[in-house]
Each structure stands twice: as structure tokens, then as C-alpha cells.
Amino acid sequence: NAKEAVMKKIPIAVQLYSVRGECEKDFAKTIAAVAKMGYEGVEFAGYHGKSGKELKKMVDDNGLKVAGCHTGLDTLQPAKLQQTIDFNLEYGNKFLICPWIGKEVASDVKSWKKMGEFFNEVAAKLKPHGMATGYHNHGHDLQPMESTTPWDAFFGTTKKDVVVQVDI
């Protein structure tokens, strides 16, 4: 019912990229500080040399959930995808969010649509593992390009299984 929907608390996670400097200095201390601040989860943006087991222990020890990770486009390529899946499953991550598609990869509407098709393929390979992939926007994704924007060309091509992550 509507009242239950309003009463349902949405957990809040922090994107660790926003505190990357602190993570570089002392990753474990930063994870603990994030938990003490009241965040309920983290989205990883680098692993600072930690194994999947070490990451899992850090989040578990601090009562946090894994909300996702920034994973480079290169780690979603066929040659690396299984390794990426295995590593992320080890620490409990279900969301592989690509944080950047640069002009060297997608410079026109056709190439953005091609990237959308690629993400559809990755999403299909992740689904049996209970995982998903998606893309995280930047300002250049919202600038006019031909008769649309890169964002609209990309997500106009993807299926609903590809996560839309709006960076605000």
C-alpha cells in the first residue's frame, strides 16, 4: 500500500570515489569512518590492493552493504569478464557500473548505440550470476550530439537490464 511505500527506508551508500584521497591513505580506516557517519553501504571505486575476501571482511566488520563498484570498460570485455565476475562475487557485489566511456571509444551517435548493444550483451552474461551492469553519467554524456545526446543514444539502445546510474 502507499503508506508502506512511503514508510520504507531507502538505504544510503557513499561512492568511495568521493573520498578516494582518504582511501589511498588508509582504506580500512576510511571504510570504518564512512560507517560511523551513518552510511549503510559503499560503492567501490578501486580496491587499493585488497582481495575480494579482504573487501568482504571490511564491509562486514563495519555493518555495511556493497552497493556496487566502478568497473572500467576494459574489465567488462570478453577476455576479462569472467575474472571480473569472480572477483565481484567474492566480496558480494552485484552491480558492475562503468564510470566512463570516453570519446576515444564513443565519438558519435552510432558508436554510443554500439556501446549500448555491448552493454546489453554484458548484462545477459551477468544475469545468471544475479549481477547487472550499467553506466554512470558525466557532463559530456548530456551534451547535444547530432540530433540527440550520447546518454539518450546509449540508453535508448539498452534493455531494461542495463542500470541507469545518474551521478548527482
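Modeller: Before we count anything, helices here are DSSP runs of at least four residues and strands are DSSP runs of at least two, numbered from the N terminus. Please also keep in mind that this is a predicted model.

Colleague: Okay, so how many helices and strands are there in the protein chain?

Modeller: The protein chain has seven helices and six strands, and if you read along the sequence they follow the pattern α-β-α-α-β-α-β-α-β-α-β-α-β.

Colleague: And how compact is the protein chain for its 168 residues?

Modeller: Its radius of gyration is 17 Å, which is close to the 15 Å that the globule rule gives for 168 residues, so the chain is as compact as a globular protein of that length. Along its principal axes, the C-alpha trace spans about 50 × 45 × 35 Å.

Colleague: What share of the residues counts as buried?

Modeller: Of the 168 residues, 40% count as buried. As for the outside, the protein chain exposes about 9900 Å², and carbon and sulfur atoms supply 56% of that area.

Colleague: Which residues touch the most other members of the largest nonpolar core?

Modeller: That core has 39 residues, and the ones touching the most other members are Leu-16, Val-42, Phe-44, Ile-101, Phe-119 and Phe-154. Several elements give two or more residues to this core, among them helix H3 (27-36), strand E2 (41-44), helix H4 (52-61) and helix H6 (109-126).

Colleague: Which element gives the most to this core?

Modeller: H6 does, with eight residues.

Colleague: Let's pick Phe-119, then; what is Phe-119 in contact with, leaving aside its neighbours within four places in sequence?

Modeller: Leaving those neighbours aside, Phe-119 is in contact with Leu-73, Leu-76, Cys-98, Ile-101, Thr-133, Gly-134, Phe-154 and Val-162.

Colleague: Cys-98 is in that list, so where does Cys-98 lie, and is Cys-98 buried or exposed?

Modeller: Cys-98 lies in strand E4, and with a relative accessibility of 0% it counts as buried, because the cut-off for buried is under 20%. Outside its neighbours within four places in sequence, the contacts of Cys-98 are Thr-71, Leu-73, Leu-76, Phe-119, Gly-134, Tyr-135 and His-136.

Colleague: Switching to H3, which of its residues are buried, and what do they pack against?

Modeller: The buried residues of H3 are Phe-27, Thr-30, Ile-31, Ala-32 and Val-34, and they pack against strand E1 (13-15), helix H2 (20-25), E2 and H4. Just after H3, you can find Gly-38, which takes a positive phi of about 110°.

Colleague: Now the loop between strand E5 (132-136) and H7; is Met-145 buried or exposed there?

Modeller: Met-145, which is found in that loop, is buried, with a relative accessible area of 17%. Not counting residues up to four places away in sequence, Met-145 touches Ser-107, Asp-108, Val-109, Trp-112 and Pro-150. Val-109 is 36 residues from Met-145 along the chain, and their C-alpha atoms are separated by 6.9 Å.

Colleague: And what about Thr-149, buried or exposed?

Modeller: Thr-149 lies in the loop between E5 and H7 and is buried, with a relative accessible area of 15%. Again not counting residues up to four places away in sequence, Thr-149 touches Asp-141, Leu-142, Gln-143 and Pro-144.

Colleague: Last one: how far apart are the mean positions of the positive and negative charges?

Modeller: The protein chain has 22 positive and 21 negative charges, and their mean positions are 4 Å apart.

Definitions and conventions: Residues are numbered from 1 along each chain as its sequence is written. This is a predicted model: local features need pLDDT of at least 70, side-chain atom pairs count only at pLDDT 80 or more; totals for chains, interfaces and linings use all residues. Side-chain values use heavy atoms; hydrogens and water are left out. The radius of gyration is taken over C-alpha atoms; the globule rule is 2.2 Å times the number of residues to the power 0.38. Buried means under 20% relative accessible area, exposed over 50%, partly exposed in between (1.4 Å probe, protein chains only). Accessible areas come from the Shrake-Rupley method with a 1.4 Å probe; for residues, only the protein chains shown count as cover. Lys and Arg count as positive and Asp and Glu as negative; His and the chain ends are not counted. The place of a charge is taken as NZ of Lys, CZ of Arg, CG of Asp or CD of Glu. A nonpolar core is a set of buried Ala, Val, Leu, Ile, Met, Phe, Trp, Tyr and Cys residues joined through side-chain atoms within 4.5 Å. Contact means heavy atoms within 4.5 Å.
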